[in-house]
Every structure is written in structure tokens, then in C-alpha cells.
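Okay, thanks everyone for coming. I'd like to walk you through one chain today, so have a look at the screen and then we'll go through it piece by piece.

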Amino acid sequence: MTTGVGPLGPPEEPVGVVLARMRRARCLSGAALAAKVGMSQPKISRLERGVGAPDPADVAKVARALGADDQMVASLMDRAERSHDRMTDWRAQTAGFTAQQDSVSRWELSAQWIREFHPNLVPGLLQSSGYAAAALKVMSRVRMRDVAGVSDADVAMGVSARVRRQERLLDPTKSFHFLITEAALRHQVCPAAEMLAQLQHIRDVSARRDSVTIEVLADGAEIEVPPLHGFMVLDESLIIIEAYHAALVSSSRKDVTSYLWLFDVFARHASPVGPFLDKYEEYYIEQLSRRSRAKP
């Protein structure tokens, strides 16, 4: 479909892409459009970048301000509504580790409240550089079984991008709640000395950041739902679900509501991280001591 403000594009094209193209066709900045429709510039930016589920009413308001006719407005509103129930398969092979980390960073920049759960690994926002390198190397080996070309350089750049994301933890306007299982601390993805550095990093973040809550599901905790996989919920608008070969991204209201409920279920059974850090520091120190004693 072509209108006086340009092509609507194929049905699968995101609403935000269409609106951004319409805005540029009218030579309007994001700030100018925001003033025109009575919204904030960050909200316009989130709408265009597809951060969260687009509100059909907001889409209609912006589209009309950009000169869309009734038919195009109705089509965009329908597309926005349907996008609520779409889950995107987001593969690192096509984006690369660095691009993937940068995409997550942009979503985190827009979010005010971030909740993350992981059953087997320390979440990316809490990883030390050594731990992050080991984790990404493991994932690169898994993914290279399908697509070759994930290099050591790509892993190194991915680590740098992941560590840069941790600047978000310094923002006092944001709140973070991390949940992990005890297995995430026990699962040794890197040498014992690096695991000790990772535990200290978690301790430092927990002690210095009032806006950060870190909790642990203890071994044997009676949880009514099994912890199958990791996920992140940004505000009440977007979820990222981790898998071995890819990540799944959804702004579906149903999906977001389900995962918020799931996070709350886990949180009810969680405990502060401090005692677990003490426990596993002793565990890894003992490992190092045994190895030292075993040397001739």
C-alpha cells in the first residue's frame, strides 16, 4: 500500500519502522514529533525502535500527526495490536555477540525496572569479565555446530559489550532485581580463582548499589514451578528468553504477564545472596587449597 506519506510496507514490517520512515519523510526530528503529539522524545524513540508493545492509540495519534489517512491509521493500529502476540527468534549468528549485547543495552537504557532470572549462570549484568569470557566461549561452541564463523575476536568484543552494559547499574533512576538458583554459583564455568573473583564482583554490586536486589533460590527450595530457562523482563513491556541457539524476544502482553507472574513465584522462595556468597567462597577456596596440597 502506498499513501501520501509513503509506502506502508510489507505486513511483517514493524510499526515503529513505518512511523520512523514517515517522520523522516516529513523532515521532523524525534523531539519535534514528540512536541507535536504531546509525548516525550524517549517515548517516540521507544515506539520507533520497537521497545515494548506499541499502544494502538499512540500509533494512531502519531500516524495522524504525520499525515496518514484513515485507512493507513486503521492498518497500523491493526498491525500494532497483532504485534502484541508475536515472539521474535533473535539469533546471535545473524547479529553477532557484540550487536546482540548492544541491542540488549538499548532496551535496558529505555527500561526503568529490570527483572532477570537465571537457573544456571550468573546474569550478564552481574558477570565479571573473566566469567563473561568463559560463558560466551561456551555459547560460541554450541552455536558453531550450526553456523561457522564465531571467532575469538567476536567473543572478546562481546565480552567488552557485556561489561559496558553494567554501566546501567549506576543509574539511580533504574531498579534491578536479579534471581539465580544456587546452582548458578556452584556451576563452575571458569577456574576456581575466577569464580572467586565473580563472587566478589556480585558482593561489590550488592553492597554498593541501593537500586540492585540480588537473591538466590536455595537447593531444595519448594517451588511450584520448575526453573527451566533464563529470562529478563524489562518494565512490563518486553521479555527476553534465553535458549542455547538463540534468544526469543516478545512484547506480547500475555507473555509479559506470564513471566512477571513466574518471576514473582520464584521471588517468594528466594533469599538474600550474602550467605550464599560466603558458602561458595569457602567452597572455591577449599578447591584451590586441595590443588595446592596435591602439587608435588
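Let me start with a question: how are α2 and α3 oriented to each other, roughly parallel or roughly perpendicular? Before I get to that, please keep in mind that what you see is a predicted model.

So, helix α2, which covers residues 30-37, packs against α3 at an angle of about 110°, and the two axes are 8 Å apart. Anything from 65 to 115 degrees counts as roughly perpendicular, and therefore that is the label for α2 and α3. On the α2 side, the contact is made by G30, A31, L33, A34 and V37, and α3 brings in Q41, I44 and E48.

Okay, the overall picture. We have 13 helices and ten strands in this chain. The chain has 296 residues, and 48% of them count as buried. If you take contacts with a separation of 6 or more, 76% of them are between residues 24 or more positions apart. As for the surface, the chain exposes about 14400 Å², with carbon and sulfur atoms supplying 54% of that.

Now for the inside. In soluble globular proteins, nonpolar side chains tend to be buried together. Here, the largest nonpolar core has 39 residues, and W107, F178, I214, L234 and I240 are the ones with the most contacts inside it. Which helix gives this core its largest share? That's α11, residues 192-208, with six residues.

Let me zoom in on F178. Setting aside the neighbours within four places in sequence, F178 is in contact with E116, P123, L125, L126 and L169, and also with V212, T213, I214 and E215. I214 is a name you've just heard, as it's in that list of residues with the most contacts inside the core. There's another core apart from this one, with 20 residues, including V37, A63, M72 and V73. V37 should ring a bell too, since it's part of the α2 side of that helix contact.

On to charges. How many salt bridges are there? The count comes to ten, and I'll pick out a few.

First up, K43 and D58, whose side chains meet at 3.1 Å, N to O. K43 is in helix α3, residues 41-49, while D58 is in helix α4, residues 56-65, so to speak a link between distant parts of the chain, 15 residues apart. D58 counts as buried because its relative accessibility is 18%, whereas K43, at 31%, is partly exposed.

Next, R186 and D219, where the closest N and O atoms are 2.7 Å apart. R186 lies in helix α10, residues 182-186, and D219 is in the loop between β6 and β7, so this pair ties together parts that are 33 residues apart in sequence. Both are partly exposed: R186 is at 32% relative accessibility, and D219 has a relative accessible area of 45%.

That β6–β7 loop comes up again with E224, which is linked to R268 of helix α12, residues 253-268, across 44 residues. The side chains of R268 and E224 form a salt bridge at 3.2 Å, N to O. R268 has a relative accessible area of 55%, so it counts as exposed.

One last item: R203, D278 and E281 are joined into one network by salt bridges that share partners.

That's what I have, and I'm happy to rotate the view for anyone.

Definitions and conventions
Residues are numbered from 1 along each chain as its sequence is written. This is a predicted model: local features need pLDDT of at least 70, side-chain atom pairs count only at pLDDT 80 or more; totals for chains, interfaces and linings use all residues. Side-chain values use heavy atoms; hydrogens and water are left out. A nonpolar core is a set of buried Ala, Val, Leu, Ile, Met, Phe, Trp, Tyr and Cys residues joined through side-chain atoms within 4.5 Å. Buried means under 20% relative accessible area, exposed over 50%, partly exposed in between (1.4 Å probe, protein chains only). Helices (H or I, at least four residues) and strands (E, at least two) are DSSP runs, numbered from the N terminus. Contact means heavy atoms within 4.5 Å. A salt bridge is a side-chain nitrogen of Lys or Arg within 4 Å of a carboxyl oxygen of Asp or Glu. Accessible areas come from the Shrake-Rupley method with a 1.4 Å probe; for residues, only the protein chains shown count as cover. Axes are lines fitted to C-alpha atoms, for helices over the stretch in contact, and angles run from 0 to 180 degrees between N-to-C directions. Angles under 35 degrees count as roughly parallel, over 145 as roughly antiparallel, 65 to 115 as roughly perpendicular and the rest as oblique.
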